[in-house]
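Here's a quick walk through one protein model, starting with how it divides up and ending on a single residue. Have the structure open as you read.

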Amino acid sequence: MSELTRVAAATPAKDITGAIERDGAVIVENLIDEQQAKTALDELRPHIEATPTGPDDFAGHQTTRTGALVARSPACRALVMHPSIIGMCDAFLLPNCKRYQLHLAQVIRLMPGQKKQPLHRDRLVWDDYLQGVEPQLNTLWALTDFTCENGATQVVPGSPAWPKDREAKAEEISYAEMPRGSVLVYSGTVIHAGGANNSAADRVGLNITYSLGWLRQEENQYLSCPPEIAKDLDPALQELLGYTMMSYALGYFTPPDPASGQSGIRPPEFALGRRPRKNRNRLQAPEDLTDSGRAG
Ligand SMILES: [Fe+2]
């Protein structure tokens, strides 16, 4: 079996992204502690329980996938903005965009009896139109322990460099076994899939993915977290959802209500009641995050 690289939580972001560029995936062990993972799971549990199982083999007939997590879950917001993950996104995605964005946030529960998911590359959401650029960075946080028995994610290290039509042999597949609080970080090009849950308990992972800011997001963040909810979030998180210009002209809007007295073009922040921040770099000091310059 090919082995996934495992690193400690304190490993510098550039060393972790080096492993992702080489293998397509890496496990960061215990990036949050057990209690943080349990707190997140407890908070998400009512939403998980209210979610129907998947409609097909790919989504999983014994799997639930629950979204709108930025709107619903403070614990999820904190993980979206986890400084170590943001550092990895900076290193991995900023070479190909001015800004990156939240692509999706989804809690995935594999219930007992769930079969293996078909192997795939996540960049398939853009079909084959996207060539020559790595579009995304994925995280899958273990909110329960991940074991081979309960459905640890299948990953094929090294597969990003493979020809598109090469299929993985069984001995080339690794399993992302990891204790609760660890996170599997992987590219959009590595071949992977959910495992089979042959245990008697749920396996729960929190999938938070980031993509280049000039691409369409997999989860429509403006619908999952509309302005009336987003206006009260941390400005840096608002920007990550997409409530900011991704380049000089990418992402403007015009308020549709004539009563607003606005008929020109406006940056997205205007819909949240503020102006764009002067400094929108991800790795700014926390005190800079409060300088939101409310629009009059
Ligand atoms: Fe996937």
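## Two domains

The domain assignment splits the protein into domain 1, covering 6-212, and domain 2, covering 226-290. Keep in mind that this is a predicted model. Taken over C-alpha atoms, the centres of the two domains sit 28 Å apart.

## Where they touch

How many residues does each domain bring to the contact? Domain 1 puts in 12 residues and domain 2 puts in 10.

On the side of domain 1 that touches domain 2, the elements giving two or more residues are α3 (69-72), α4 (74-80), α5 (83-93) and β4 (100-110). The largest share of that side comes from α5, with three residues. Sorted by class, this side of domain 1 has six nonpolar, two polar and four charged residues.

## A look at histidine 61

Now for that single residue. Histidine 61 is in the loop between α2 (34-49) and β3 (63-66). Is histidine 61 buried, exposed or partly exposed? It counts as partly exposed because 13 other C-beta atoms lie within 10 Å, while a residue needs 12 or fewer to be exposed and 20 or more to be buried.

As for its neighbours, leaving aside residues up to four places away in sequence, histidine 61 touches Thr53 and Gly54. There's also glutamine 114, which is 53 residues away from histidine 61 along the chain, yet the C-alpha atoms of the two are separated by 6.9 Å.

Definitions and conventions
Residues are numbered from 1 along each chain as its sequence is written. This is a predicted model: local features need pLDDT of at least 70, side-chain atom pairs count only at pLDDT 80 or more; totals for chains, interfaces and linings use all residues. Helices (H or I, at least four residues) and strands (E, at least two) are DSSP runs, numbered from the N terminus. Two residues are in contact if their C-beta atoms, placed from the backbone, lie within 7 Å. Domain bounds come from an automatic or database domain assignment. Ala, Val, Leu, Ile, Met, Phe, Trp, Tyr, Cys and Pro count as nonpolar, Asp, Glu, Lys and Arg as charged, and the others, Gly among them, as polar.
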